[in-house]
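Dear colleague,

Please find below the structure I am handing over to you. My notes on it follow directly after.

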Amino acid sequence: GIEGDRAPVLSDARKIIDFVTRHHESPDELDLVVHCLAGKSRSAAVAKWVTESLGTPIPGIDAAGQRLLSLANKRVLRLLRKAANTQKSAHQAEGPG
């Protein structure tokens, strides 16, 4: 996770993606709880990235939850997208096998 109040960096985004992907690929049904120190924009960015990237809906999200997602931290969302694209490109370059 991200320690203290420091700004997230690309390596933090990679750790988040690795964690989420590993659990998403699990054959077991799992619940994902996303939180951060303040519980607002950074966690909203991770939740938004998960729904966009993995197609995983947020069950029971109401209007207030939708508003929070719209406030997703743009820097964190940008880092997650960049890290995901970098990882995807690396896997494609490796080829099958």
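**Pocket lining and helix packing**

By class, 16 nonpolar, 9 polar and 4 charged residues make up the lining of the largest pocket. Please bear in mind that this is a predicted model.

The largest pocket holds about 720 Å³ of space. Its lining comprises 29 residues, and those lying nearest the centre are L32, V33, V34, V50 and I58. Three elements each give two or more residues to this lining: α1 (10-24), α2 (41-54) and α3 (63-70). Of the elements, α2 gives the most, with 6 residues.

Two of these helices, α1 and α2, also pack against each other. Their axes lie 12 Å apart and form an angle of about 50°. Angles from 35 to 65 degrees fall outside the roughly parallel and roughly perpendicular ranges, and α1 is therefore oblique to α2. The crossing of α1 past α2 is right-handed.

Which residues meet where α1 and α2 are in contact? From α1 come I16, I17, V20 and H24, and they meet V46, W49, V50 and L54 of α2. By class, this contact has 7 nonpolar residues and 1 polar residue, with no charged residues.

V50 appears in both parts of this account: V50 is one of the residues nearest the centre of the largest pocket, and V50 is also among the α2 residues that meet α1.

With kind regards

Terms used. Residues are numbered from 1 along each chain as its sequence is written. This is a predicted model: local features need pLDDT of at least 70, side-chain atom pairs count only at pLDDT 80 or more; totals for chains, interfaces and linings use all residues. Side-chain values use heavy atoms; hydrogens and water are left out. On a 1 Å grid over the protein atoms alone, a cavity is a set of points where a 1.4 Å probe fits but cannot get out, and a pocket is an open set with protein on both sides within 12 Å along at least five of seven lines; lining residues have an atom within 4 Å of a point. Grid points are joined across faces, edges and corners, and a volume is the space filled by probe spheres set on the points. Helices (H or I, at least four residues) and strands (E, at least two) are DSSP runs, numbered from the N terminus. Ala, Val, Leu, Ile, Met, Phe, Trp, Tyr, Cys and Pro count as nonpolar, Asp, Glu, Lys and Arg as charged, and the others, Gly among them, as polar. Axes are lines fitted to C-alpha atoms, for helices over the stretch in contact, and angles run from 0 to 180 degrees between N-to-C directions. Angles under 35 degrees count as roughly parallel, over 145 as roughly antiparallel, 65 to 115 as roughly perpendicular and the rest as oblique. A crossing is left-handed if the near helix is turned anticlockwise from the far one by less than a right angle, and right-handed if clockwise. Contact means heavy atoms within 4.5 Å.
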